[in-house]
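Hi there,

Here is the structure I promised to pass on to you. Please open it first, then read my notes beside it.

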Amino acid sequence: TRMQVQNEAALTRQLSEASHFERYDKRSQQWEPDDVPKRHVEIVLGTNAHKSLKTVRGLARQPHFRSNRTLCDVPHYDSASQIYGAFQPGEFSVPSKPTRQDAEAALAKLKHLISGFRFVAERDRAVALAGMLTGAIRSSLPTAPLFHTRATQAGSGKTTLAKLQAAFCSPDVPQTATYSTDPIEAAKQILALLASGPSVINYDNLTADMKDHPVMCSMLTEERIQGRILGFTKTVTCSTRVLVLSSGNNVAPIGDLTRRSLVCDINPKTEHAFQIRYDFDPLEVMRENRGAFVSAALTIVLAHHAAGKPQTTCQPFGSFEAWSDMVRQPLLWLGLPDPTGCVIEADEDDPELSQLTELVHAWRECFGSVPALASTACDVAERGQFTRKEDLADVCGDRG
């Protein structure tokens, strides 16, 4: 089950299957079978709203939550949440009113699944668990942060962890994409990916830091984005209810992406990480028992709601309020470290932000509060009167 943008050829075929068209042949004076008139197809394609078609906010591969936090465990279309469920209901078993004990048992089950990973700190384990819970309820969340797994070397298990988190979102193999360095190409790529309604987009094995392209930032903080897809003349609106994952060795999101991303650090502390022996393969265990592990994740979220949604005091996480309510707070309630703690550290370590901060201080030192053109600053820098000449050149030197 997937979403698909309809072009003229595809819609012509579907209309032909749904209806029977005829034309009158004057020679034989008989009605003959005919193709769908092109004008009809153009009218349907050119209309943005159709009274006979229902709005689909996203696809769910398992039971999902409505806005009132009730669990919908019936597949097909749910009018309350506007989510289309594509799953076998008998595969999942979630208590109707789970207790804290049920939630603790479910958490222990998820912890055991990732027990073989060499996390740097307990907070990194919390980020990994947050990614698993997010995958299980992604279709119920309007927005969700990006989950990035950073390792010190190849063979540390970062790709396996990303695939494991993806499996909580869907049993299908996640779409693996290459992260473009060009913002225009990135926008085309992301819109094309979202048009098919994927459950997961995985940027695996990054070789450089993730630049904060506007379309990526919007995809993480907006419920829908618009744009033109190659091959289509009209603007397409795409749902962003997709789990976004990334991984790489010694690289991470930078710029505006730092506040939209949760980073999980893995360090095997050995020179030959690929030679480590593990007690079991978590991916294989997940595939064989996906229903049980997804049910465990849903149980944690539902138990927190059944307990009255107790709130642990923590810093706000802007743009992800619903995620914080349904993923972050249940984990804090069960005693785990705050998975968003890495955002503050990433913000402080962001090279672009550090460079800009130094530049602003140097600018104030040179010009005070008096406005000045960038070209004027470059001239001052050439005379050696600007202390951060290199930073100034990086920020605006190539733009004249």
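Below is what I found in it, starting with the sheet.

This is a predicted model, in which local features need pLDDT of at least 70 and side-chain atom pairs count only at pLDDT 80 or more, while totals for chains, interfaces and linings use all residues. Residues are numbered from 1 along each chain as its sequence is written, and side-chain values use heavy atoms, leaving out hydrogens and water.

An open, parallel sheet is built from 5 strands in the order E9-E10-E13-E8-E14. Strands E9 (175–176) and E14 (261–266) are at the edges with a single partner strand each, so one side of each has no neighbour in the sheet. (Strands are DSSP runs of E, at least two residues, and helices runs of H or I, at least four, numbered from the N terminus; two strands pair if DSSP finds at least two bridges between them.)

At one edge, E9 pairs with E10 (residues 200–206) over 2 bridges, and Gln 175 has Ile 201 as its bridge partner. At the other, 6 bridges join E8 (residues 146–151) to E14, with Phe 147 partnered by Leu 262. Of the 6 residues of E14, 5 are buried, so this strand is largely enclosed by the rest of the structure. (Buried means under 20% relative accessible area, with a 1.4 Å probe and protein chains only.)

Now look at His 213, in the loop between E10 and helix H7 (214–221). His 213 is buried, at 4% relative accessible area. A polar atom of its side chain lies 2.7 Å from the backbone oxygen of Ser 180.

Enjoy exploring!

Definitions and conventions. Buried < 20%, exposed > 50% of the residue type's maximum accessible area, 1.4 Å probe, protein only. Polar contact = N/O pair within 3.5 Å; in protein donor to acceptor, adjacent residues only side chain to side chain.
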